[in-house]
Amino acid sequence: MPLNPPDRRPADARKPGPQSYEPVLSRDVRAALSTGLPVVALESTIIAHGLPRPRNLSVARELEGLVRSAGAVPATVAVLDGRARVGLSEAQLARVAEDPAVRKLGHRDLAPALAAGASGATSVSATAFLAARAGLGVFATGGLGGVHRQWSENQDESADLRLLARTGITVVCAGVKSILDVPATLQRLETLGVGIVGYGTERFPGFCLSSSGEPVDWTVRSPEEVVEVIRAREALGCPQAALIVANPVAERDQLDPVLHDRVLAEALEACRERGITGQGVTPFLLDQLTRRTGGASLEANLAAVRGNVALAARIAVAVAGSR
Ligand code: PSU
Ligand code: MN
């Protein structure tokens, strides 16, 4: 199944009509925002294209449950039938996980997708964009996109970075995906002015590894300390760029670093051999890692995502309590 299958609907089903392109907030999300209750945005590309089926749907539900049990409202973001949605129903969440026609959308894809009446899962860039526009302040994912390892050959740099440079949202993640050139990505984040704090660590996390080996300049140790950074950013009037809360997966849950380095080299080679480019690269490499580690990278990835979602919910609750 190609990642972005061609649009085979009959022409009249695609005819543009007078339609509102405003993002649609779920009832829960709208109610929470109007009463100041905490809300956490969740991305959907990890569900549709980052995790194997049918596990992806149970993970999607589990992540929403983690947010709820921390006392916040989950807002999974996706585009369905030309409507950008912030907060999904059970059926909509299932559709994102199961429908093979669900594409992968970066923020630049949003307008053409809405105009075409298409459906797609939102990457970090599209999710952060829609969440911030809806007034959400906290967002959780697994690992951010960034600068790929063969950048000098193909200039593949995730749209996540540039979008986060101009979106004032707090993103809780386990660093950037370990398939990337991590030092180069950190350099880009510095150039772009994206803030980074390590959560309980002096090392930048490595996605399914607890540490990438790179240092972070600032460390916070509680949701309340994150809130202080957010308040200081607001007081300075500088939240045009995102704040990354880099939250490592526990060492007992990480992928064996030696195994990681070996299979990643094989996966990168397979990606080159098959000539995979563009939006397909990241899903391909994640899938290869899962296959070549007998599922161990997937478990570490999931442990990281769960930890990030739970922490994001605690941060959202602390932010709501401080207002
Ligand atoms: N984190 C994960 N799994 C994923 C992703 C993040 O644990 O699949 C997704 C995010 O949606 C991110 C995207 O925005 O991978 C990056 O894709 P690209 O490199 O094509 O920009
Ligand atoms: Mn890319």
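Begin by selecting K104 together with ligand 1: a polar atom in the side chain of K104 lies 2.8 Å from an oxygen atom of the ligand. The model on display is a predicted one.

Keep ligand 1 in view and add E43. An N or O atom in the side chain of E43 is 2.6 Å from an oxygen atom of ligand 1. Next, select D160, where an N or O atom of the side chain is 2.9 Å from an oxygen atom of ligand 1. With these contacts displayed, turn on the surface of the ligand: on its own, ligand 1 has 490 Å² of accessible area, and the protein covers 94% of that area.

Now extend the selection to the full shell. Ligand 1 is surrounded by 18 residues, and the closest are E43, K104, V124, S158 and T282. Colouring the shell by class shows ten polar, four charged and four nonpolar residues. To place part of this shell in the fold, select helix 3 (45-49) and helix 13 (281-292), each of which supplies at least two of the residues around ligand 1.

The last stop is a pair of helices. Hide the ligand, then select residues 55-69 for helix 4 and residues 296-322 for helix 14; the axes of these helices come within 8 Å and cross at roughly 25°. Because angles under 35 degrees count as roughly parallel, helix 4 is roughly parallel to helix 14. Which hand does the crossing of helix 4 and helix 14 have? Viewed with one helix in front of the other, the crossing is right-handed.

Methods: Residues numbered from 1 in each chain as written. Chains lettered and ligands numbered in written order. Predicted model: local features only at pLDDT ≥ 70, side-chain atom pairs only at ≥ 80, totals over all residues. Heavy atoms only, no water. Near = heavy atom within 4 Å. Polar contact = N/O pair within 3.5 Å; in protein donor to acceptor, adjacent residues only side chain to side chain. Areas by Shrake-Rupley, 256 points an atom, 1.4 Å probe, with all protein chains shown as cover. Helix = DSSP H or I, 4+ residues; strand = E, 2+ residues; numbered from the N terminus. Nonpolar A, V, L, I, M, F, W, Y, C, P; charged D, E, K, R; others polar. Axes fitted to C-alpha atoms, helices over the stretch in contact; angles between N-to-C directions. Parallel < 35°, antiparallel > 145°, perpendicular 65-115°, else oblique. Left-handed = near helix turned anticlockwise from the far one by under 90°.
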